[in-house]
Amino acid sequence: QVQLRESGGGLVQAGGSLRLSCAASGRTLSSYAMGWFRQAPGKEREFVAGINWGGGTAYYADSVKGRFTISRDNARNTVYLQMNSLKPEDTAVYSCAAESSPTYNAPSAVLRRGGFGSWGQGTQVTVSS
């Protein structure tokens, strides 16, 4: 059973930047796609970004494309989300997720089939206007 722990959230002004980290334990993640999701108050959880097992393929929600960058360091068993040009509408709890089983699929394919199955508890990101 993998445990995922997010960190790096906080309060930032609009236009600012934050870097989220997701550290894994209990499983080596180098064979698994990883993703970041977010949930704002009163809204459903939504996909933000995903990355394939090797880090060579990334996939983003349209709302964050060009502003957010997902990356991973398999040697550290950690995934990152660099968030730039933050907007108030980015305010949410951000959680990372691991693919349930290693498929070596692109993150978009993992998302389509609902393949993310292990979740962290999340870190709060608040963007003030």
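The following exchange covers the disulfide, one loop residue and the nonpolar core of a predicted model.

In this predicted model, local features need pLDDT of at least 70 and side-chain atom pairs pLDDT 80 or more, while totals for chains, interfaces and linings use all residues. Residues are numbered from 1 along each chain as its sequence is written, and side-chain values use heavy atoms, without hydrogens and water.

Biologist: Which strands hold Cys-22 and Cys-96, and how many residues apart in sequence are the parts that the pair ties together?

Modeller: Cys-22 and Cys-96 form a disulfide (cysteine sulfur atoms within 2.5 Å), with the sulfur atoms 1.9 Å apart. Strands here are DSSP runs of E, at least two residues, numbered from the N terminus. Cys-22 lies in β3 (residues 18–25) and Cys-96 in β9 (residues 92–99), so the parts tied together are separated in sequence by 74 residues.

Biologist: Is Asn-52 buried or exposed?

Modeller: Asn-52 sits in the loop between β5 (46–51) and β6 (58–60). Buried means under 20% relative accessible area and exposed over 50%, with partly exposed in between (1.4 Å probe, protein chains only). The relative accessibility of Asn-52 is 11%, so Asn-52 counts as buried.

Biologist: Which strand supplies the largest share of the largest nonpolar core?

Modeller: A nonpolar core is a set of buried Ala, Val, Leu, Ile, Met, Phe, Trp, Tyr and Cys residues joined through side-chain atoms within 4.5 Å. The largest one has 35 residues, and Leu-4, Trp-36, Leu-81, Met-83 and Tyr-94 have the most contacts inside it. Among the strands that each supply at least two residues are β3, β5 and β9. The largest share, five residues, comes from β9.

Note on methods:
Helices (H or I, at least four residues) and strands (E, at least two) are DSSP runs, numbered from the N terminus.
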